[in-house]
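Me: Please take one part of this structure and examine it closely. I should like a connected account that starts from the packing of the interior and then settles on a single region.

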Amino acid sequence: MPLGRIDMAMLGQSSFRRILLSRILIFSIPILLLGVAVTFRKARTSLLDTARQNLMESAIRKADTIQSSLEALQTSLAIASQTSLLQSGSKPASQALLTELLPQLPTDIRCLQLTDLQTKQLIASTCGSEVLVSVDQATFSPTPSEDDLLRAHLLNIDTSNRENQGTMQSQLTLEMSTPVYVDGKLRYSLTAQAVVKQLESAEPWSLLGYTVVIDQDGTFLAHPLPEWLGRNMSEASDAERYENIVSSAMRDERATRHLFDFVGDETEWLAGFTPVEIPISATETHTWVVLAVTPLDNALQGLQSITQILFILTTGLVSAHLLAMLYMARDLSRPIEQLGKYARRIHKRGPLERAPKNFKIRELNQLSGVLDNMVSRLEERARELEAAWQEAEAANQLKSEFLANTSHELRTPLNAIIGCIRLVQDGCCDTREEEREFLEQADKAAVHLLKIINDLLDIRRIEEKGLPLSVELVDLRTIIKEVIDIQAVQIQQKGLQLTVPELFYPIMVRVDPARLKQVLLNVVYNATKFTDKGGITIRTRVETAVGVPLDADEQNGRQTQEHSESWIVISVQDTGIGIDPAQQHKLFRPFVMVDGTTTRKYEGTGLGLAISRNLVEMMGGSIMLQSEGLDKGTTVEIALPIVDAPEVPSDASKVDGTPEVSTPVSQRS
């Protein structure tokens, strides 16, 4: 090789040390980073799951607070309504009682009012002369029972509160009215304006969250932004998510959802929610959805410290890993470089010169010894190369035979595809439905062609019984019909008569449908290929095979069912060229041809029957071929055990209108 060409070849090369270092880093660094990413992902998922659980529990606590506050207020008002001072209707006494009662109630009460239901006039009020709620007498029962006194009330939500304008603070403002009965008759209503406050926080590390209350009709009853009170959730940019939360809560679900643009800043929020049943009156109940909402970044506040730790740890590991790889690459490459120098000048070495040894790596010391013996082993290597060349020639011959046999298996469905397409292309179809039928047959053949290709790639596995089968219980009639549909066009093109059985009863066998279909296609295709005139006949019959010796009673004709087994025999008979009986034993051997000239004429390789035999035997059946001689036709029979075979009547199958009687005709051992 010229010197310039050597220099050009070396320009694209790299040193062993550089290649070793780059390969180790290429494979190790991504794995390290992947581990860090998985750890980060796992930590984030764990923190997010914890935040979801805490927010859902916070929503449940908020709902319990609302429910308990309303129940306590309802009970307090019911007890107060039964006092004689209120029932007397005296303005001074009622005013004094309401003023004294205001700070004693369990919730934050802003106002108490006593209203005459007949005159609609205020009798007493702690917050001015404006009536909080206009209550109709029909709202309450005129003469309730003693049990109704604690349940009778009217709840009204005040969504006009703007006290917290400009702040992030949620509160639920409501008015509750309780009837006051005098001598068992409805006379007054006691109304309280209350504010139900929640313990809430959306600060980092806190998972209490802001409180949001949504009525079942989608109205915001409580919201950290006062301008959203009384508005419907359909007005929000996240309306679909709110609707999903409400619909889930109405199904009594408690879960968490992600919200976007909760306060108009396009950040992501995490919301836990729960439903709560709130009695509006003695006869009406509403479902409120209580949410605990907090920013997602605050819920995952701990992830920042984890990220910093992972970054520092990753940086340290990568640095330490890089240093270790540098030292390791140096220790590994230095002996290789010394041996390389020795190998480059081995043709100039002295008779006593030896390769460098005493390395710390045992394999490299062994390599040094190999280099010392290289010259003496050249002749042996030459003989080994010659033997390898001969093996390569033999392998090349086998490859050529394999390719030829492969073309044999591919041609069967391919001819069906070409035949169907040409019938359509040549306008041989009378209707559009007939064209579609041929195209469907071509499609089925194309799918089967792909399966044959996959099977041929696994021919060695088939011979070693290593190919897995998908065995299932199938009706043999379906497989026979599919095979006939694929091969019918090719048989028709050759002008042959096809006689097929008309099966009326199911024949259940436990086989791999695709493999059995492949076997039948091979057999029918061979019958078509080697038949130029006459026809092909497909028959089925049931035989009884005896698997164990008969006892004395059975010899007298009383054979029991457990000693016998029913088989279905599929017979494919053609009127083709036939086979010499002396050559029939070769047919089931792969890559063996009975007659080379005949095979080349009909484009055969002998692989199809070998594959078919292996597949049938793997499915528990048997296959055999019979021919009386040349030009006397051939019959191939495939026997498969029937699963729970019923008694087959004499007219179980028909061929061209003539009944075929399927009865046991022989015993197969």
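Reply: A nonpolar core is here a set of buried Ala, Val, Leu, Ile, Met, Phe, Trp, Tyr and Cys residues joined through side-chain atoms within 4.5 Å. The model is a predicted one. Its largest nonpolar core has 51 residues, and those with the most contacts inside it are Leu476, Val511, Leu516, Leu520, Ile568 and Ile638. Helix α12 (residues 476-493) supplies the largest share of this core, 8 residues. Leu476 itself is in contact with Ile507, Val509, Leu516, Ile568 and Ile570, leaving aside neighbours within four places in sequence. A second, separate core has 35 residues, among them Ile66, Leu174, Ile280 and Trp288.

The region chosen for closer study is an open sheet of 5 strands with antiparallel pairing, in the order β2-β1-β5-β4-β3. Its edge strands, β2 (121-125) and β3 (154-157), each pair on one side only. From one strand to the next, the twist averages 25 degrees. Strands β4 (residues 171-182) and β5 (residues 185-197) run antiparallel and are joined by 12 bridges; in this pairing Glu175 stands opposite Gln193 of β5. Helix α4 (residues 91-101) lies across β1, β2 and β5, at about 50 degrees to β2.

Within this sheet, Gln113 belongs to strand β1 (residues 108-116). Buried means under 20% relative accessible area, so Gln113, at 1%, counts as buried. Its side chain makes a polar contact of 3.3 Å with the side chain of Ser125. A polar atom of the Gln113 side chain also lies 3.0 Å from the backbone nitrogen of Leu132. Not counting residues up to four places away in sequence, Gln113 touches further residues including Leu98, Leu122, Cys127, Gly128, Ser189 and Thr191.

Cys127 leads to the 1 disulfide that the structure holds. Cys111 and Cys127 form this bond, with their sulfur atoms 1.6 Å apart. The torsion about the S-S bond is about -60 degrees, so the disulfide is left-handed. Because Cys111 lies in strand β1 and Cys127 in the loop between β2 and β3, the pair ties together parts that are 16 residues apart in sequence. The partners differ in exposure: Cys111, at 0% relative accessibility, is buried, whereas Cys127, at 33%, is partly exposed.

Two other cysteines offer a contrast. Cys428 is in no disulfide and, at 41% relative accessibility, counts as partly exposed. The sulfur of Cys429 is 6.7 Å from its closest cysteine sulfur, that of Cys428, which is too far for a bond. Cys429 counts as buried, at 11% relative accessibility.

Methods:
Residues are numbered from 1 along each chain as its sequence is written. This is a predicted model: local features need pLDDT of at least 70, side-chain atom pairs count only at pLDDT 80 or more; totals for chains, interfaces and linings use all residues. Side-chain values use heavy atoms; hydrogens and water are left out. Buried means under 20% relative accessible area, exposed over 50%, partly exposed in between (1.4 Å probe, protein chains only). Helices (H or I, at least four residues) and strands (E, at least two) are DSSP runs, numbered from the N terminus. Contact means heavy atoms within 4.5 Å. A polar contact is a pair of N or O atoms within 3.5 Å; within protein, one must be able to donate a hydrogen and the other to accept it, and residues adjacent in sequence count only if both atoms are side-chain atoms. Two strands pair if DSSP finds at least two bridges between them. Axes are lines fitted to C-alpha atoms, for helices over the stretch in contact, and angles run from 0 to 180 degrees between N-to-C directions. A disulfide is a pair of cysteine sulfur atoms within 2.5 Å.
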